[in-house]
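This report describes the fold as a whole and then turns to a handful of individual residues. Please keep the sequence and the structure in view while reading.

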Amino acid sequence: MSADLVPDDLWERVAPLLPDRPARRFRYPGRLPVDDRAALRAIVYVLCKSVSWRDVPAERIGCSGVTAWRRLRDWTEAGVWPRLHEVLLTELRAAGLLDMDDAAIDASHVRALKRGAHTGPSPVDRARPGSKHHLIVDRHGTPLVVSLTSGNRHDVTQLMPLLDAIPRIRGLRGRPRHRPRRLFADRGYDFDKYRRLIQARGITPKIARRGTLHGSGLGKTRWVERTFAWLHQFKRLRIRYEIRADLHLGLLQLACSIICLRRLRTSF
């Protein structure tokens with residue numbers, strides 16, 4: 001099973017992005033460092049199984065949980081995960097599998113057991129500490145950009161930062177694409193101020209009006225809920241255990257990259 005956690009196609013995309021390790025000392029070099037692929041295997045194992053870092057089966061995975069956590073910290077600080085996500089988005093666009101004409105935005109609450117940065121009293125969970133995952137996806141549910149905030153932040157406050165954070169996606173001739181033509185959102189984003197800000201960026205807002213009948217009125221265009229279901233298949237993302245917000249966001253970005261890779265495999 002451990003070999004399937006980091007298949008060749010994932011490793012071939014991650015390996016060039018990893019930072020170089022410091023050169024070993026000539027005298028008293030110490031133990032050989034754990035192989036990077038084994039460390040990534042342990043990180044993906046925790047992401048999928050949501051075991052504690054100390055419970056990673058080192059004999060089967062090839063890396064202890066403590067070492068895997070340190071590599072996650074180092075690679076997150078080096079910016080590996082957003083670059084991996086951008087690489088896969090570029091490949092998807094080159095393969096004609098990315099439809100950026102239409103995009104959708106939404107947020108999902110997760111409980112934060114250990115508090116830390118970007119946690120706050122959740123209005124939907126009896127004021128328990130929690131965080132929010134904010135996500136923009138394309139028509140196929142492919143995650144374009146993701147962010148993390150405290151659980152008491154209003155969804156609309158992250159609309160413009162998230163929209164502006166969509167990377168410039170290459171893959172085709174011409175300018176890189178970083179803005180959709182239309183943006184769909186539910187009634188939580190129903191503010192005329194933000195409609196004007198979206199229009200100023202050349203995007204047509206498709207935001208449901210408050211007070212409309214039959215739910216949000218978005219019908220079949222709510223592709224983002226399906227993507228949240230895909231993300232929650234990674235059990236570590238259902239509840240936030242990491243005190244450090246950047247590490248939880250790193251795992252979230254890694255999960256988005258794996259979803260993009262699964263989408264890319266359909267083209268072969």
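Among the contacts in this protein between residues at least 6 apart in sequence, 67% join residues that are at least 24 apart. The model is a predicted one, and every statement below should be read with that in mind.

**The protein as a whole**

The chain forms ten helices and seven strands. Its radius of gyration is 20 Å, close to the 18 Å that the globule rule gives for 268 residues, so the protein is as compact as a globular protein of that length. Taken along the principal axes, the box filled by the C-alpha atoms is roughly 70 × 50 × 30 Å. Of the 268 residues, 49% count as buried, while the protein exposes about 13700 Å², of which carbon and sulfur atoms supply 50%. As for charge, there are 51 positive and 27 negative charges, and the mean positions of these two sets are 3 Å apart.

**Helix H10 and the segment after it**

Two residues of helix H10 are described here, namely Ser257 and Ile259. Ser257 has a relative accessible area of 0%, and is therefore buried, since the cut-off for that class is under 20%. Leaving aside neighbours within four places in sequence, Ser257 is in contact with Trp81, Leu84, His85 and Leu88. Ile259, with a relative accessible area of 5%, is likewise buried, and once residues up to four places away in sequence are set aside, Ile259 touches Pro143, Trp230, Leu231 and Phe234.

What follows helix H10, which spans 245-265, is a segment in which Thr266 has its place. Thr266 counts as exposed because its relative accessibility is 55%, and the exposed class begins over 50%. The side chain of Thr266 nevertheless reaches back to the backbone oxygen of Arg263, at a distance of 2.5 Å.

**Separations along the chain and in space**

The table sets C-alpha separations beside the number of residues between the partners along the chain.

| Pair | Apart in sequence | C-alpha to C-alpha |
|---|---|---|
| Thr266 and Leu97 | 169 residues | 9.1 Å |
| Ile259 and Ala78 | 181 residues | 22 Å |
| Ser257 and Ala127 | 130 residues | 32 Å |
| Arg226 and Tyr189 | 37 residues | 19 Å |

**Arg226 in helix H9**

Arg226 lies in helix H9, which covers residues 224-231. At 39% relative accessibility, Arg226 counts as partly exposed, because that value falls between the 20% and 50% cut-offs. Not counting residues up to four places away in sequence, the residues that Arg226 touches are Arg139, His140 and Gly141.

**Two loop residues with positive phi**

Most residues other than glycine have a negative phi. Against that background, which loop holds Ser50, and is Ser50 buried or exposed? Ser50 sits in the loop between helix H3 (36-49) and helix H4 (58-61), and its phi is near 60 degrees, a positive value in a residue that is not glycine. At 18% relative accessibility, Ser50 counts as buried, because the value is under the 20% cut-off.

His118 also has a positive phi, of about 60 degrees, although it is not a glycine. The loop that contains His118 runs between strand S1 (102-112) and strand S2 (120-121). His118 has a relative accessible area of 43% and is partly exposed, whereas Ser50 counts as buried.

Notes:
Residues are numbered from 1 along each chain as its sequence is written. This is a predicted model: local features need pLDDT of at least 70, side-chain atom pairs count only at pLDDT 80 or more; totals for chains, interfaces and linings use all residues. Side-chain values use heavy atoms; hydrogens and water are left out. Helices (H or I, at least four residues) and strands (E, at least two) are DSSP runs, numbered from the N terminus. The radius of gyration is taken over C-alpha atoms; the globule rule is 2.2 Å times the number of residues to the power 0.38. Buried means under 20% relative accessible area, exposed over 50%, partly exposed in between (1.4 Å probe, protein chains only). Contact means heavy atoms within 4.5 Å. Accessible areas come from the Shrake-Rupley method with a 1.4 Å probe; for residues, only the protein chains shown count as cover. Lys and Arg count as positive and Asp and Glu as negative; His and the chain ends are not counted. The place of a charge is taken as NZ of Lys, CZ of Arg, CG of Asp or CD of Glu. A polar contact is a pair of N or O atoms within 3.5 Å; within protein, one must be able to donate a hydrogen and the other to accept it, and residues adjacent in sequence count only if both atoms are side-chain atoms.
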